[in-house]
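Subject: Structure handover

Dear colleague,

I am passing on the structure that we talked about, together with an account of what came out of it. Please open it beside this email and follow along as you read.

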Amino acid sequence: MIKLINITKRYGDGKQAVHAVRNINLAVAAGQIMGVIGESGAGKSTLIRCVNMLERPTNGQVLVDDQDLTVLRESQLPAARRKIGMIFQHFNLLSSRTVFANVALPLELAGMSKADIKHRVTELLELVGLSNRANAYPNALSGGQKQRVAIARALAPNPKVLLCDEATSALDPNTTQSILTLLKDINRKLGLTILLITHEMQVVKTICDRVAIISDGELIEEGEVAWFFANAKTELARRFIASTINLAIPDDYQQRLQAEPAADSLPLVRLGFSGETVDSPLISILSRELNVDVSILSADMEYAGGVKFGFMLAELEGAPAQTQAALAYLQEHKIQVEVLGYVRRHG
Ligand SMILES: Nc1ncnc2c1ncn2[C@@H]1O[C@H](COP(=O)(O)OP(=O)(O)OP(=O)(O)O)[C@@H](O)[C@H]1O
């Protein structure tokens, strides 16, 4: 549905030139939700704005629904853009218009009759759960409600694609969740293709099918979300993944940690579970068959894209040879094993 072919966007010339986006190739299939994630200044906004020609790429082609937008003249763009809705971090509603009138605006511009507009807007407000706020003005709404109005407005012309530019970055976590649920719902109900940009891995994990990472204007990794959590190669990707997992060694515990083993100490290990991890009760097998007790200090396991993954901090208690055998057993079953140090036995 969306194909970006070798997109480059350069601002300025010569020594002043900034390559905001360089040679990016990206395809989003119909009905898919693709997330583009990157740090501040990576080029996310520039890239998404190239998709509807709010920015004209310096080089490359942008195909939406098989139409090459880069060859269109300015006068031809409004018609092409009707296939592409967009929502923004700060909602961009017209404060002088009611909720109803904001959603109606693109339909008025398209010359729809008053009766048809009323019917369509009513339907859209129902879809986004705002039927009872039709006559309110934006400044009387919460951030989440404003974004719902913006979503209804973006959907009014019946687009095939929705672009979301940090659409939840100004919202609190609960509201973010409700907006993401709404977007997923719309994606399913309407078969809408969604391209979103975000700096939060949590957003990707919650609703995306695929994810692409950009860094310094370049696409450095791309894949299905489940694959990505299990197999990401780059340091940046691993940092984003780690940001969704909360696993720190408690302070008091950290102070007791020794770098080298002693006669009465136990290894503290961090176990990483990924999509490659064999799905069997490995921890109970360690205690039962290898005679190693596992004392879990903390764990953060998640489920995304059909894959369980996460980390666990645990002490292993057993004879040294058995503890070694247990670590080897875990590695054989595709668990990442890292010995963080040694702590004295309890008591
Ligand atoms: N109109 C412009 N003129 C010159 N440079 C620009 C312009 N817009 C963006 N840039 C530069 O392009 C690079 C990418 O910016 P962009 O806003 O696309 O990144 P981003 O990943 O969206 O960042 P953020 O998350 O902070 O919004 C930055 O170095 C930025 O300074």
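Before we turn to the ligand, one term is needed: a polar contact is a pair of N or O atoms within 3.5 Å. By that rule, a polar backbone atom of glycine 43 makes a polar contact with the ligand, since it lies 2.9 Å from one of the ligand's oxygen atoms. Please keep in mind throughout that this is a predicted model.

**The ligand and its surroundings**

Glycine 43 has company, for a polar backbone atom of glycine 41 is found 2.7 Å from an oxygen atom of the ligand, and in serine 40 a polar side-chain atom comes to 2.6 Å from a ligand oxygen. How much of the ligand's accessible area does the protein cover? On its own the ligand has 640 Å² of accessible area, and the protein covers 57% of that.

Two elements, β2 (18-28) and α1 (44-51), each give two or more residues to the shell around the ligand, and α1 provides the largest share, with three residues. If you would like to find the shell in the viewer, the residues that surround the ligand are Tyr11, Val18, Ala20, Glu39, Ser40, Gly41, Ala42, Gly43, Lys44, Ser45 and Thr46. Sorted by class, this shell holds five polar, four nonpolar and two charged residues.

**Helix α1**

Since α1 matters for that shell, you may want to know how it sits in the protein: is it mostly covered or mostly exposed? Helix α1 is mostly covered, with six of its eight residues buried, and these are Lys44, Thr46, Leu47, Ile48, Cys50 and Val51. After α1 comes methionine 53, which has a positive phi, near 65°.

**The chain as a whole**

Stepping back, the chain contains twelve helices and 14 strands, and it is divided into domain 1, which covers residues 2-243, and domain 2, which covers residues 246-344. The centres of the two domains, taken over C-alpha atoms, are 41 Å apart. Along the principal axes, the C-alpha atoms fill a box of roughly 80 × 55 × 35 Å, and 47% of the 347 residues count as buried.

**Salt bridges**

How many salt bridges does the count come to? The count comes to 15, and I will go through three of them with you.

In the first example, arginine 120 pairs with glutamate 123, and their closest N and O atoms are 2.7 Å apart. Both residues belong to helix α4 (residues 114-127), where they are three residues apart, about one turn of the helix. Arginine 120 counts as buried because its relative accessible area is 16%, and buried means under 20%. Glutamate 123, in contrast, is partly exposed, because its relative accessibility is 39%.

In the next example, aspartate 209 forms a salt bridge with lysine 184, with 3.9 Å between the closest N and O atoms. Aspartate 209 lies in the loop between α7 (201-207) and β9 (210-215), whereas lysine 184 is in helix α6 (residues 173-190), so this pair ties together parts that are 25 residues apart in sequence. Here aspartate 209 is partly exposed, at 30% relative accessible area, while lysine 184 is buried, at 18%.

The last example belongs to a network, since salt bridges that share partners join Lys9, Arg49 and Glu55. Within this network, the side chains of glutamate 55 and arginine 49 meet at 3.7 Å, N to O. Glutamate 55 counts as buried, with 16% relative accessibility, and arginine 49 counts as partly exposed, with 26%.

**A histidine in a loop**

Finally, please look at histidine 333, which is located in the loop between α12 (320-332) and β14 (336-344). Which backbone oxygen does the side chain of histidine 333 reach? The side chain reaches the backbone oxygen of tyrosine 329, at 2.8 Å. Histidine 333 also counts as buried, because its relative accessibility is 18%, and the limit for buried is under 20%.

With best wishes

Key
Residues numbered from 1 in each chain as written. Predicted model: local features only at pLDDT ≥ 70, side-chain atom pairs only at ≥ 80, totals over all residues. Heavy atoms only, no water. Domains from an automatic or database assignment. Salt bridge = Lys/Arg side-chain N within 4 Å of Asp/Glu carboxyl O. Buried < 20%, exposed > 50% of the residue type's maximum accessible area, 1.4 Å probe, protein only. Helix = DSSP H or I, 4+ residues; strand = E, 2+ residues; numbered from the N terminus. Near = heavy atom within 4 Å. Polar contact = N/O pair within 3.5 Å; in protein donor to acceptor, adjacent residues only side chain to side chain. Areas by Shrake-Rupley, 256 points an atom, 1.4 Å probe, with all protein chains shown as cover. Nonpolar A, V, L, I, M, F, W, Y, C, P; charged D, E, K, R; others polar.
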